Amino acid sequence: MLTASALRDLIVEAGGDADGAADLEEFLTTGFDDLGYDSLALLQAEALLRTRYGVVLPEGTTAELACPRDLLAAVNDRLVPG
């Protein structure tokens with residue numbers, strides 16, 4: 001299972017520091033656009049998820065997700081059967 005903290009670190013590595021997210025809960029619930037992450041940053045995050053965790057998201061998944069909490073759920077759905 002991917003933790004919220006690990007996901008934040010991965011997204012920050014992919015796209016730089018989040019704009020205006022003071023704490024982890026705020027980060028998880030703030031929209032990607034509001035955090036300053038564009039589609040390129042999310043593609044980089046997908047690549048890191050694939051190489052580090054073996055998670056392959058269906059094409060276009062990140063474009064449909066509103067915030068990091070949604071991405072965390074999508075990743076963990078693929079990591080944990082069931």
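Student: Is Thr 62 buried or exposed in this structure, and why?

Tutor: Buried means under 20% relative accessible area. Thr 62 has 8% relative accessibility, so it counts as buried. Keep in mind that this is a predicted model.

Student: Where does Thr 62 sit, and which residues does it touch?

Tutor: Thr 62 is found in helix H5. Leave out residues up to four places away in sequence. Thr 62 then touches Leu 42, Glu 46, Leu 57 and Leu 71.

Student: Now the opposite case. Is Glu 59 buried or exposed, and why?

Tutor: Exposed means over 50%. Glu 59 reaches 84% relative accessibility, so it counts as exposed. Glu 59 lies in the loop between H4 and H5.

Student: How far is Glu 59 from Asp 19, in sequence and in space?

Tutor: Use both scales. In sequence, Glu 59 and Asp 19 are 40 residues apart. In space, their C-alpha atoms are 26 Å apart.

Student: Let me step back. How many helices and strands does the protein have?

Tutor: There are six helices and zero strands. Along the sequence, the pattern reads α-α-α-α-α-α. The radius of gyration is 11 Å, close to the 12 Å that the globule rule gives for 82 residues, so the protein is as compact as a globular protein of that length. Its C-alpha atoms fill a box of roughly 35 × 25 × 20 Å, taken along the principal axes.

Student: What share of the residues is buried?

Tutor: Of the 82 residues, 40% count as buried. Now look at the surface. The protein exposes about 4,700 Å², and carbon and sulfur atoms supply 50% of that.

Student: How do I read one helix, say H4?

Tutor: Start with the general idea. An α-helix has 3.6 residues a turn, so residues three or four places apart point the same way. Now the case here. H4 has 15 residues and reaches 20 Å from its first C-alpha to its last, close to the 21 Å expected at 1.5 Å a residue. Its buried residues are Ala 41, Leu 42, Ala 45, Glu 46, Leu 48 and Leu 49. Seen down the axis of H4, these buried residues fall within an arc of 165°, so they line one face of the helix.

Student: Which residues are exposed on the other side of H4, and what covers the buried ones?

Tutor: On the other side, Ser 39, Leu 40 and Thr 51 are exposed. The cover over the buried residues of H4 includes H1, H3, H5 and H6.

Student: What about H6?

Tutor: H6 spans residues 68-79 and has 12 residues. It reaches 16 Å, close to the expected 16 Å. Pro 68, Leu 71, Leu 72, Ala 74, Val 75 and Asn 76 are its buried residues. They pack against H1, H2, H3, H4 and H5.

Student: Which residues touch the most other members of the largest nonpolar core?

Tutor: The general idea again. In soluble globular proteins, nonpolar side chains tend to be buried together. Here the largest nonpolar core has 25 residues, and Ile 11, Phe 27, Phe 32, Tyr 37 and Leu 71 touch the most other members. H1, H2, H3, H4 and H6 each give two or more residues to this core.

Student: What is Leu 71 in contact with?

Tutor: Set aside neighbours within four places in sequence. Leu 71 is in contact with Leu 7, Ile 11, Phe 32, Leu 49, Leu 57, Thr 62 and Leu 65. That brings us back to Thr 62, which touches Leu 71.

Notes. Residues numbered from 1 in each chain as written. Predicted model: local features only at pLDDT ≥ 70, side-chain atom pairs only at ≥ 80, totals over all residues. Heavy atoms only, no water. Helix = DSSP H or I, 4+ residues; strand = E, 2+ residues; numbered from the N terminus. Expected span 1.5 Å × (residues − 1). Buried < 20%, exposed > 50% of the residue type's maximum accessible area, 1.4 Å probe, protein only. Contact = heavy atoms within 4.5 Å. Core = buried A, V, L, I, M, F, W, Y, C linked by side-chain atoms within 4.5 Å. Rg over C-alpha atoms; globule rule 2.2 N^0.38 Å. Areas by Shrake-Rupley, 256 points an atom, 1.4 Å probe, with all protein chains shown as cover. Arc of directions from axis to C-beta.
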